[in-house]
Amino acid sequence: MIRHIVMFGVDADNDTDRNAKITEAAVRLEKLVGVVPGLRSMTVGANGVDIEGNYDFALVADLDDADALGVYANHPAHLEVSSFIGSFKTTRAAIDIEL
């Protein structure tokens, strides 16, 4: 199994705007489960503690294996969500852990 963890910074005018963008991203990302083959689960959450340098939100996705990660990365539904997030992300960091 592969655990795919991605953190994002968000460009927003205010907290309301930031929260709306994160909420919409979470809804779209979590809907990928059952659509993308090999994607077992998806959890998305906003930063809960305002510490300098923290990212604004993160996703944790569990996939069957490295091949499933490749399918996920190139799946049209994921690319659509990635484009949406790309419209407001300022930073991104990712790691893939083999479990």
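This is a short tour of the chain, stop by stop, for use with the viewer open.

**Before you start**

The model is predicted, so local features need pLDDT of at least 70, side-chain atom pairs count only at pLDDT 80 or more, and totals for chains, interfaces and linings use all residues. Residues are numbered from 1 along each chain as its sequence is written, and side-chain values use heavy atoms, with hydrogens and water left out.

**Stop 1: the whole chain**

Show the cartoon. The chain holds three helices and four strands. Both kinds of element are DSSP runs, numbered from the N terminus: helices are H or I with at least four residues, strands are E with at least two. Follow the sequence and the pattern reads β-α-β-β-α-α-β. The radius of gyration is 13 Å, close to the 13 Å that the globule rule gives for 99 residues, so the chain is as compact as a globular protein of that length. That radius is taken over C-alpha atoms, and the rule is 2.2 Å times the number of residues to the power 0.38. Along its principal axes, the C-alpha trace spans about 40 × 25 × 15 Å.

Now switch to the surface. About 5800 Å² is exposed, and carbon and sulfur atoms supply 50% of it. These areas come from the Shrake-Rupley method with a 1.4 Å probe; for residues, only the protein chains shown count as cover. Of the 99 residues, 31% are buried. Buried means under 20% relative accessible area, exposed means over 50%, and partly exposed lies in between (1.4 Å probe, protein chains only).

Colour by charge next. The chain carries 8 positive and 16 negative charges, and their mean positions are 3 Å apart. Lys and Arg count as positive, Asp and Glu as negative; His and the chain ends are not counted. Each charge is placed at NZ of Lys, CZ of Arg, CG of Asp or CD of Glu.

Contacts come last at this stop. Among those between residues at least 6 apart in sequence, 71% join residues at least 24 apart. A contact means heavy atoms within 4.5 Å.

**Stop 2: strand β3 and its partners**

Select residues 57-63, strand β3. Five of its seven residues are buried, so β3 is largely enclosed by the rest of the structure. Add β1, residues 2-10: seven bridges join β1 to β3, and the two run antiparallel. Two strands count as paired if DSSP finds at least two bridges between them. Pick out Arg3, which stands opposite Asp62 in β3. Then pick Met7, which stands opposite Ala58 in β3.

Add β2, residues 39-46. This strand is also antiparallel to β3, again over seven bridges. Here Gly45 stands opposite Ala58.

**Stop 3: Ala61, inside β3**

Select Ala61 in strand β3. Its relative accessibility is 0%, so Ala61 counts as buried. Beyond four places in sequence, Ala61 contacts Ile2, Arg3, His4, Leu39, Ser41 and Met42. Draw a distance to Met42: the residues are 19 apart along the chain, yet their C-alpha atoms are separated by 4.4 Å.

**Stop 4: Asp64, after β3**

Move on to Asp64, in the loop between β3 and α2 (66-74). Asp64 is partly exposed at 35% relative accessibility. Leaving out residues up to four places away, Asp64 touches Met1, Ile2, Gly38 and Arg40. Met1 is 63 residues away along the chain, but the C-alpha atoms of Asp64 and Met1 are separated by 4.7 Å.

**Stop 5: β4 and Tyr55**

Show β4, residues 89-98, beside β1. These two strands pair in the antiparallel sense over nine bridges. Click Phe8; its bridge partner in β4 is Arg92.

Keep both residues on screen and add Tyr55, in the loop between β2 and β3. Tyr55 is partly exposed, with a relative accessible area of 28%. Its contacts, neighbours within four places aside, are Met7, Phe8, Gly9, Asn47, Thr91, Arg92 and Ala93. Now draw a line to Gly38: Tyr55 and Gly38 are 17 residues apart in sequence and 27 Å apart in space, C-alpha to C-alpha.

**Stop 6: His78 in α3**

Finish at His78, in helix α3 (residues 76-86). Is His78 buried or exposed? His78 is buried, with a relative accessible area of 12%. Show its neighbours: apart from residues up to four places away, His78 touches Leu32, Tyr72 and Ala73.
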